[in-house]
Amino acid sequence: EFNVCSSDLPDPLASTSVDGSPSLVRAFGLNALSTALSNVLSFLRIVILARLLAPDAFGLFGIALIVTGGLQVLSDFGLKTVLISRVGMDKSRRQDWIDTLWTLEMARGCCLAAVLWLVAGPAAGFFHEPGARALILILAAATALGGTLNTGMYLFERRMQFGRVLI
């Protein structure tokens with residue numbers, strides 16, 4: 001007979017589960033905290049920029065963010081999700097996936113920077129703001145550097161160790 005109130009069931013509020021991994025509730029809390037902090041920092045960054053920049057310059061920055069953000073969304077192939085969802089990988093295969101993902105993210109960052117470099121002028125012309133071109137070119141360089149992020153951090157998300165991602 002199965003008893004749902006059995007003490008053999010793992011406690012979802014415990015700090016770790018039976019196998020020593022973080023509990024679901026703790027992982028959810030850390031993930032929520034990470035998301036909230038990220039959103040608060042983004043909001044503060046926008047408030048500070050709005051205060052420091054003149055309205056025209058803030059608008060130019062918005063145009064540059066629209067162009068770069070749009071291209072980043074269109075070029076995201078979900079490789080992070082593939083790495084996170086791979087179950088049962090042995091350690092050597094996992095390292096191969098991490099290395100491959102890092103290489104692909106580097107290539108994506110460089111290709112995206114090149115595309116941004118090419119569309120900077122036409123995008124600035126589309127918005128009738130020639131000053132947006134320079135900002136798009138600066139964000140293109142930042143996008144190329146963004147491809148160097150440590151893809152091994154995705155494994156912490158896979159293991160629901162959001163505390164390490166948060167730090």
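Start by selecting residues 55–74, which is helix H2 in this predicted model. At 1.5 Å a residue, its 20 residues should span 28 Å, and the end C-alpha atoms sit 29 Å apart, so the two figures agree.

Keep H2 on screen and colour Leu-60, Ile-63, Ala-64, Val-67 and Thr-68: these are the helix's buried residues. Now turn the view until you look down the axis of H2. The buried residues fall within an arc of 115 degrees, so they line one face of the helix. The spacing makes sense, because an α-helix has 3.6 residues a turn and residues three or four places apart point the same way.

Swing round to the other side of H2, and pick out Pro-55, Ile-66 and Val-73, which are exposed.

Next, step back along the chain to helix H1, residues 24–52, and click on Leu-52, which belongs to that helix. Is Leu-52 buried or exposed? Its relative accessibility is 65%, and exposed means over 50%, so Leu-52 counts as exposed.

Leave Leu-52 selected and add Val-40, Leu-41, Phe-43, Leu-44, Val-47 and Ile-48. Together with Leu-52 they form a nonpolar patch on the surface, with about 700 Å² of accessible area.

Finally, zoom out to the whole protein chain. You'll find seven helices and zero strands. Of the 167 residues, 22% are buried. Switch on a surface, and the chain exposes about 11,500 Å², with carbon and sulfur atoms supplying 67% of that. As for contacts with a separation of 6 or more, 65% come from residues 24 or more positions apart.

Terms used: Residues are numbered from 1 along each chain as its sequence is written. This is a predicted model: local features need pLDDT of at least 70, side-chain atom pairs count only at pLDDT 80 or more; totals for chains, interfaces and linings use all residues. Side-chain values use heavy atoms; hydrogens and water are left out. Helices (H or I, at least four residues) and strands (E, at least two) are DSSP runs, numbered from the N terminus. The expected span of a helix is 1.5 Å times one less than its number of residues. Buried means under 20% relative accessible area, exposed over 50%, partly exposed in between (1.4 Å probe, protein chains only). The arc is that of the directions from the helix axis to the C-beta atoms. Patches are made of residues with over 30% relative accessible area and no salt bridge: like charges are joined within 9 Å, nonpolar side chains (Val, Leu, Ile, Met, Phe, Trp, Tyr) within 5 Å. Accessible areas come from the Shrake-Rupley method with a 1.4 Å probe; for residues, only the protein chains shown count as cover. A salt bridge is a side-chain nitrogen of Lys or Arg within 4 Å of a carboxyl oxygen of Asp or Glu. Contact means heavy atoms within 4.5 Å.
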